[in-house]
Amino acid sequence: MIQLRTILNAADNSGAKKLRVMQIPGFSKKHVANLGDVVKATVMEAIPTGQVKKGEKVSALIVRTKKEVRRKDGSYVRFGDNAGVIINANGLPLGSRIFGPIAVSYTHLRAHETVLDLVCRLLLE
(Lines give C-alpha, C1' and ligand atoms only; values in the text may rest on other atoms or scores of the structure.)
Protein backbone atom coordinates (compact mmCIF):
# COMPACT_ATOMS: atom_id res chain seq x y z
CA MET A 1 0.00 0.00 0.00
CA ILE A 2 1.54 3.24 -1.19
CA GLN A 3 0.56 6.51 0.49
CA LEU A 4 1.36 10.13 -0.29
CA ARG A 5 5.05 11.07 0.12
CA THR A 6 6.13 7.42 -0.03
CA ILE A 7 9.61 6.93 -1.49
CA LEU A 8 9.73 4.44 -4.39
CA ASN A 9 12.78 2.87 -6.01
CA ALA A 10 12.83 3.37 -9.78
CA ALA A 11 12.76 -0.10 -11.34
CA ASP A 12 13.74 0.94 -14.87
CA ASN A 13 16.69 2.41 -16.75
CA SER A 14 15.20 5.87 -17.34
CA GLY A 15 17.85 7.49 -15.13
CA ALA A 16 15.84 8.00 -11.94
CA LYS A 17 16.90 6.29 -8.72
CA LYS A 18 14.27 7.41 -6.17
CA LEU A 19 10.73 8.72 -6.66
CA ARG A 20 8.39 10.40 -4.16
CA VAL A 21 4.64 9.89 -4.62
CA MET A 22 2.88 13.26 -4.78
CA GLN A 23 -0.58 12.42 -6.10
CA ILE A 24 -2.81 9.37 -6.13
CA PRO A 25 -5.69 9.59 -8.62
CA GLY A 26 -9.00 9.30 -6.78
CA PHE A 27 -7.40 10.37 -3.47
CA SER A 28 -10.71 11.65 -2.09
CA LYS A 29 -12.13 8.10 -2.13
CA LYS A 30 -9.01 5.97 -1.59
CA HIS A 31 -5.87 7.09 0.19
CA VAL A 32 -3.56 4.30 -0.94
CA ALA A 33 -2.27 2.89 -4.22
CA ASN A 34 -1.56 -0.79 -4.85
CA LEU A 35 0.13 -2.92 -7.49
CA GLY A 36 -0.80 -1.78 -11.00
CA ASP A 37 -1.90 1.74 -10.02
CA VAL A 38 -0.52 4.80 -11.80
CA VAL A 39 0.57 7.66 -9.51
CA LYS A 40 2.15 11.09 -10.01
CA ALA A 41 5.64 11.38 -8.54
CA THR A 42 8.70 13.59 -8.47
CA VAL A 43 12.24 12.42 -9.08
CA MET A 44 14.24 12.64 -5.83
CA GLU A 45 17.54 11.19 -7.11
CA ALA A 46 18.72 10.71 -10.68
CA ILE A 47 21.90 9.89 -12.55
CA PRO A 48 23.36 12.79 -14.57
CA THR A 49 23.09 11.11 -17.97
CA GLY A 50 19.51 9.83 -17.57
CA GLN A 51 16.37 10.75 -19.48
CA VAL A 52 14.76 12.29 -16.39
CA LYS A 53 16.29 14.90 -14.10
CA LYS A 54 16.01 15.57 -10.37
CA GLY A 55 12.84 17.48 -9.48
CA GLU A 56 10.98 16.46 -12.64
CA LYS A 57 7.31 15.46 -12.32
CA VAL A 58 6.54 12.04 -13.81
CA SER A 59 3.87 9.36 -13.85
CA ALA A 60 4.82 6.00 -12.38
CA LEU A 61 3.28 2.54 -12.45
CA ILE A 62 3.68 0.65 -9.18
CA VAL A 63 5.25 -2.78 -9.79
CA ARG A 64 6.41 -3.82 -6.27
CA THR A 65 5.05 -3.19 -2.77
CA LYS A 66 6.18 -4.33 0.67
CA LYS A 67 2.56 -4.95 1.68
CA GLU A 68 1.43 -8.40 0.55
CA VAL A 69 -1.25 -8.75 -2.13
CA ARG A 70 -3.58 -11.74 -2.31
CA ARG A 71 -3.96 -13.48 -5.66
CA LYS A 72 -7.07 -15.27 -6.87
CA ASP A 73 -5.57 -18.71 -6.17
CA GLY A 74 -5.15 -17.82 -2.49
CA SER A 75 -1.41 -17.23 -2.53
CA TYR A 76 0.20 -13.98 -1.42
CA VAL A 77 2.95 -12.03 -3.15
CA ARG A 78 5.21 -9.64 -1.20
CA PHE A 79 8.42 -7.82 -2.13
CA GLY A 80 11.31 -6.33 -0.19
CA ASP A 81 10.83 -2.76 -1.43
CA ASN A 82 8.36 -0.35 -3.01
CA ALA A 83 9.16 0.28 -6.67
CA GLY A 84 7.68 1.95 -9.73
CA VAL A 85 8.29 2.25 -13.47
CA ILE A 86 8.23 5.70 -15.07
CA ILE A 87 5.74 5.98 -17.93
CA ASN A 88 5.00 8.71 -20.47
CA ALA A 89 1.67 10.35 -21.32
CA ASN A 90 0.79 7.54 -23.77
CA GLY A 91 1.26 4.87 -21.10
CA LEU A 92 4.52 3.50 -22.52
CA PRO A 93 7.54 2.92 -20.27
CA LEU A 94 10.18 5.64 -20.53
CA GLY A 95 13.07 3.21 -20.06
CA SER A 96 13.74 0.13 -22.15
CA ARG A 97 14.13 -2.37 -19.26
CA ILE A 98 12.62 -3.13 -15.87
CA PHE A 99 14.99 -4.33 -13.15
CA GLY A 100 14.19 -6.74 -10.35
CA PRO A 101 11.18 -8.93 -9.76
CA ILE A 102 7.68 -7.78 -10.63
CA ALA A 103 4.31 -9.39 -9.98
CA VAL A 104 4.03 -10.97 -13.44
CA SER A 105 5.93 -13.86 -14.95
CA TYR A 106 8.44 -11.89 -17.04
CA THR A 107 11.30 -9.61 -16.01
CA HIS A 108 11.31 -6.73 -18.48
CA LEU A 109 8.93 -4.73 -20.64
CA ARG A 110 9.44 -4.35 -24.33
CA ALA A 111 9.13 -0.85 -25.77
CA HIS A 112 5.95 -1.66 -27.73
CA GLU A 113 4.01 -3.00 -24.73
CA THR A 114 1.67 -0.55 -23.08
CA VAL A 115 0.97 -0.07 -19.41
CA LEU A 116 -2.53 -1.43 -20.00
CA ASP A 117 -0.97 -4.78 -21.00
CA LEU A 118 1.09 -4.79 -17.81
CA VAL A 119 -1.88 -3.90 -15.60
CA CYS A 120 -3.99 -6.64 -17.19
CA ARG A 121 -1.22 -9.17 -16.51
CA LEU A 122 -0.85 -7.94 -12.92
CA LEU A 123 -4.56 -8.40 -12.26
CA LEU A 124 -4.83 -11.78 -13.99
CA GLU A 125 -1.93 -13.36 -12.08
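I began at Val 39 and, leaving out residues up to four places away in sequence, listed what Val 39 touches: Val 21, Gln 23, Ile 24, Pro 25, Ala 33, Val 58, Ser 59, Ala 60 and Ile 62. The model I am reading is a predicted one, and I keep that in mind for every entry below.

**Cores**

I then asked which residues of the largest nonpolar core touch the most other members. Among its 16 residues these are Ala 16, Leu 19, Val 39 and Val 58, so that Val 39, where I started, belongs to this group. Looking up where the core residues come from, I found that β1 (7-10), β2 (16-23), β3 and β4 each contribute at least two of them. I also noted a second core, separate from this one, which has eight residues, including Ala 11, Val 63, Ala 83 and Val 85.

**Strand order and pairing**

Next I went through the elements of the chain, and I counted one helix and seven strands. Read from the N terminus, their order is β-β-β-β-β-β-β-α. Five of the strands make up a closed barrel, which I traced as β1-β2-β3-β4-β7 and whose pairing is mixed. From one strand to the next the twist averages 55°.

I took the pairs one at a time. β1 and β2 run antiparallel and are joined by three bridges, with Asn 9 standing opposite Lys 18 of β2. These two strands form a hairpin with five residues between them, and in the turn I found Gly 15 with a positive phi of about 115°. β2 and β3 also run antiparallel, here with six bridges, and I noted that the bridge partner of Lys 18 in β3 is Glu 45. For β3 (residues 38-46) and β4 (residues 57-64) I found five bridges, again in an antiparallel arrangement, and in this pair Val 38 has Leu 61 of β4 as its bridge partner.

**Met 44**

I looked up Met 44, which lies in strand β3, and asked whether it is buried or exposed. Met 44 counts as partly exposed, because its relative accessibility is 28% and the buried class ends under 20%. Leaving aside neighbours within four places in sequence, I found Met 44 in contact with Ile 7, Lys 18, Leu 19, Arg 20 and Lys 54. I also checked Met 44 against Leu 8: the two are 36 residues apart in sequence, and their C-alpha atoms lie 9.5 Å apart in space.

**Salt bridges**

How many salt bridges are there? I count four, and I looked at several of them in turn.

The side chains of Asp 81 and Arg 64 meet at 2.9 Å, N to O. This pair links distant parts of the chain, since Asp 81 sits in the loop between β6 (76-77) and β7 (83-87) while Arg 64 belongs to strand β4, 17 residues apart. Both Asp 81 and Arg 64 are buried.

The side chains of Lys 30 and Asp 37 meet in another salt bridge, at 3.2 Å from N to O. I checked the exposure of each partner: Lys 30 is partly exposed because its relative accessibility is 34%, and Asp 37 is also in the partly exposed class, with a relative accessible area of 21%.

Glu 68 and Lys 67 form a further side-chain salt bridge, at 3.2 Å from N to O. Glu 68 is partly exposed at a relative accessible area of 30%, and Lys 67 is partly exposed at 39%. Following this pair outward, I found Lys 67, Glu 68 and Arg 78 linked in a network of salt bridges.

**Whole chain**

I closed with the totals. Of the 125 residues of the protein chain, 42% count as buried. The accessible surface of the protein chain comes to about 7,200 Å², and carbon and sulfur atoms account for 53% of that surface. Taking the contacts between residues at least 6 apart in sequence, I noted that 45% join residues at least 24 apart.

How values were computed. Residues are numbered from 1 along each chain as its sequence is written. This is a predicted model: local features need pLDDT of at least 70, side-chain atom pairs count only at pLDDT 80 or more; totals for chains, interfaces and linings use all residues. Side-chain values use heavy atoms; hydrogens and water are left out. Two strands pair if DSSP finds at least two bridges between them. Helices (H or I, at least four residues) and strands (E, at least two) are DSSP runs, numbered from the N terminus. Axes are lines fitted to C-alpha atoms, for helices over the stretch in contact, and angles run from 0 to 180 degrees between N-to-C directions. Buried means under 20% relative accessible area, exposed over 50%, partly exposed in between (1.4 Å probe, protein chains only). Contact means heavy atoms within 4.5 Å. Accessible areas come from the Shrake-Rupley method with a 1.4 Å probe; for residues, only the protein chains shown count as cover. A nonpolar core is a set of buried Ala, Val, Leu, Ile, Met, Phe, Trp, Tyr and Cys residues joined through side-chain atoms within 4.5 Å.
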